[in-house]
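Subject: Structure for you to look through

Hello,

I am passing on the structure we talked about, and I would be glad if you read these notes with the model open beside you. Please take your time over each part.

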Amino acid sequence: MKANDIKVAASICAGVIGYSYALKFAMTGLEVWAQNRTLESSNLARQRVRESLNSLVKCNVYTEDQAQEIASRIHYTNSVAEAVKNAQFIQESSAEHYEVKWEIVEQIEAAADPDAIIATSTSGLLVTEIAKNAKHPERFCGGHPYNPPHLIPLVEITRGEKTTEDTVACAKDFYQRIGMEPVVLQKEALGFICNRLQMALYREVADLVMSGVCSVEDADKAVTFGPGIRWGIMGPSLVFELGGGKGGISGLMNHLHDSTTLWLHDMADWKEFPAEWSDIAQKGVDEELSHRTPETGNTPETLAEYRDRMLIEELKLHGKL
């Protein structure tokens, strides 16, 4: 299977992630089958597609006619077999439980072409374990996106013990073809790359707040208007390369070695979030939202609209929309 051979894609379990993947596939001209267990969940997926396309129209990414054409390429079904029977690329986005994914894998393989690539959107489960009962484990890989995948380009490709290099290469080429930015893990790791990075950062956020150093709101502001702005342009190692001047990143790390050693010894290194953090975080977020305007998002709904609007403008700068 070559990436250029892929004309039809399937999004299995088209919930929050799966609907967005279906939309991304359709945005790039593919015929797409979006599967959900019930008619109600399919209607919700259809509504989410419509709302996301409306947002893209408002931000002048597409015209109304173009949005309608994209929507027309997505076909909804409650049957896994119908969704995958003609698909060359299958994106599975079911719940984060091995038992659920084993059942879905069995249904997919019963109806899919043996050459079809099957990618799982798992946020951190092992591909080897997901595909352990598969008839063709060699064509399984991880394709973990960041929400919402129709906007955020990153996708983390992971391989299981029996995943072939051809599968990884095809998945990488396919994701690149539809405008995503794939990164390939060289070996399996729980949480992959970015979930580990963001949890390491968030552990420190929690520790700073619980230690009385800052509020949840000020921690968010510190990331958003400090390193977050730079990280939206380039990764932390490239940021440090510039920060080191003529000495580059090696010069910067050597220069800051003694100071950063003191910081690291003072930073959080606990292995699970304290039980009370969820309540502290929620109270902090509720207060933070109360300080925001409807334009910048002060409810979950308006916050999502603000996020998408900002993402679209940032992606335009990156030439991704």
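Pro-148 sits in the loop between β6 (140-145) and β7, and the peptide bond that joins Asn-147 to this proline is cis, with omega at about 0°. Please keep in mind, here and below, that this is a predicted model rather than an experimental one. A second loop to look at is the one between β1 (8-12) and α1, where you will find Cys-13; although Cys-13 is not a glycine, its phi is positive, at about 65°.

The strands just named belong to an open sheet of eight strands, which follow one another in the order β3-β2-β1-β4-β5-β6-β7-β8 with mixed pairing. At the edges lie β3 (74-77) and β8 (181-184), each of which pairs on one side only, and from one strand to the next the twist averages 25°. If you follow the sheet to the β8 end, you will see that β7 (residues 154-159) and β8 run parallel and are joined by four bridges. In one of these strands, β8, Val-183 is the bridge partner of Glu-156.

Next, please turn to helix α13 (residues 277-290), whose axis comes within 11 Å of the axis of helix α8 (residues 194-210), the two crossing at roughly 80°. Because angles from 65 to 115 degrees count as roughly perpendicular, α8 is described as roughly perpendicular to α13. On the α8 side the contact is made by Tyr-202, Ala-206, Val-209 and Met-210, and on the α13 side by Trp-277, Ile-280 and Ala-281. By class, this contact of α8 with α13 consists of seven nonpolar residues, with no polar and no charged ones.

Helix α13 also meets helix α9 (residues 216-224), and here the axes come within 8 Å and cross at roughly 75°, so that α9 too is roughly perpendicular to α13. From α9, the residues Val-216, Glu-217 and Asp-220 meet Trp-277, Ile-280, Ala-281, Gly-284, Val-285 and Glu-288 of α13. Which classes of residue make up the contact of α9 with α13? There are five nonpolar, one polar and three charged residues in the contact of α9 with α13.

I then looked at the empty spaces. The second largest pocket holds about 560 Å³ of space, and its lining is made up of 17 residues, with Glu-51, Ser-52, Ala-304, Glu-305 and Asp-308 lying nearest the centre. Three helices, α1 (16-27), α2 (39-58) and α14 (300-317), each contribute at least two residues to the lining of this pocket. Divided by class, the lining of the second largest pocket has eight charged, five nonpolar and four polar residues.

Finally, how many cavities of 30 Å³ or more does a search of the whole structure find? The search of the whole structure finds one cavity of that size, and the volume of the largest cavity is about 40 Å³. The largest cavity is lined by Lys-24, His-150, Leu-151, Ile-152, Pro-153, Gly-179, Met-180, Leu-315 and Lys-320, and these lining residues divide into five nonpolar, two polar and two charged.

With best wishes

Conventions: Residues numbered from 1 in each chain as written. Predicted model: local features only at pLDDT ≥ 70, side-chain atom pairs only at ≥ 80, totals over all residues. Heavy atoms only, no water. 1 Å grid on protein atoms, 1.4 Å probe; cavity = no way out; pocket = protein on both sides within 12 Å on 5 of 7 lines; lining within 4 Å. Points joined across faces, edges and corners; volume = space filled by probe spheres on them. Nonpolar A, V, L, I, M, F, W, Y, C, P; charged D, E, K, R; others polar. Pairing = 2+ DSSP bridges. Axes fitted to C-alpha atoms, helices over the stretch in contact; angles between N-to-C directions. Parallel < 35°, antiparallel > 145°, perpendicular 65-115°, else oblique. Contact = heavy atoms within 4.5 Å.
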